[in-house]
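Q: Could you take me through one part of this structure closely, namely the open sheet and what lies around it? I would like to follow it strand by strand.

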Amino acid sequence: KIFKDKGISGIGVDPSKTSFKQSQSRGINVLQDFWSMNFAKKHKVLGLTPDLITSTASFYHMSDLHDWFAGIDKVLPKNGYFFTQFVYSVKVIQNTSIDQFYHEHTYLHCLTSVYHLANKFNFEIIHLQQCESQGGSLIIGLKRRESYYLDPSIASIIESEKQFFSSNGISKLSDNLKNLKLDWKQFAQILL
């Protein structure tokens, strides 16, 4: 809707029947389907070559992220951009927002994992923004790799993730979860 309101043509892809009907009723072009390499192949034949692909609230639900990203690689032209938002595992763990992975989202990602996925498909990260939503999330922008330069701020975050996910970092997470469990038990006893 935001793109339509700004006069930018676009096509949405959403497997949800409800979202599809709501979009149709608002005059927004949406294809009711799951994004995948097969989807991308079918629509590349029809000339689908968007300058921009965005993904909100879907990246962390993909069971085959490589196939999903291969679909983006298939249709995105050389000068195109891909932007996505995803739950940031480091912030979720630091904030003990554990409902983000036991209830809401299938997968959590860190910048390191997304960086390696982008490299596999010859993309580079050109934008990084941290958000407070969903216990902590990242918005990243990607484009086709032009060089092997890695922004120092991104390199610094990747390095800090190595420390965060070390055995010492995981021990801290375990302690935090034990404390959270005790807090919830005490809270439940007060309610009873």
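A: Happy to; here is a walk through the sheet, its edges and its surroundings.

First, a word on the source: this is a predicted model, in which local features need pLDDT of at least 70 and side-chain atom pairs count only at pLDDT 80 or more, while totals for chains, interfaces and linings use all residues. Residues are numbered from 1 along each chain as its sequence is written, and side-chain values use heavy atoms, with hydrogens and water left out.

The protein chain has nine helices and six strands; these are DSSP runs numbered from the N terminus, with helices (H or I) of at least four residues and strands (E) of at least two. Four of the strands make an open sheet with mixed pairing, in the order β3-β4-β6-β5. Two strands count as paired if DSSP finds at least two bridges between them. The edges are β3 (52-55) and β5 (123-131); each has a single partner strand, so one side of each lacks a neighbour in the sheet. On average, neighbouring strands here are turned by 15° against each other, direction ignored.

Let us start at the β3 edge. β3 pairs with β4 in the parallel sense over four bridges, and T54 stands opposite F83 in β4. The covered face of β3 holds I53 and S55, whereas L52 and T54 are on the uncovered one.

At the other edge, β5 pairs with β6 (residues 137-144) in the antiparallel sense, over eight bridges. Within β6, L138 stands opposite Q130.

Helix α7 (residues 111-120) lies across β4 (81-87), β5 and β6, and runs at about 155° to β5. For such angles, axes are lines fitted to C-alpha atoms, for helices over the stretch in contact, and the values run from 0 to 180 degrees between N-to-C directions.

The loop between α6 (99-104) and α7 is the place of H109. H109 is buried, with a relative accessible area of 10%; buried means under 20%, exposed over 50% and partly exposed in between, using a 1.4 Å probe and protein chains only. Leaving aside residues up to four places away in sequence, H109 touches F59, Y60, L65, F86, V87, Y88, S89 and V114, where contact means heavy atoms within 4.5 Å.

To put this part in its setting, buried residues make up 34% of the 192 residues in the protein chain. Among contacts between residues at least 6 apart in sequence, 62% join residues at least 24 apart.
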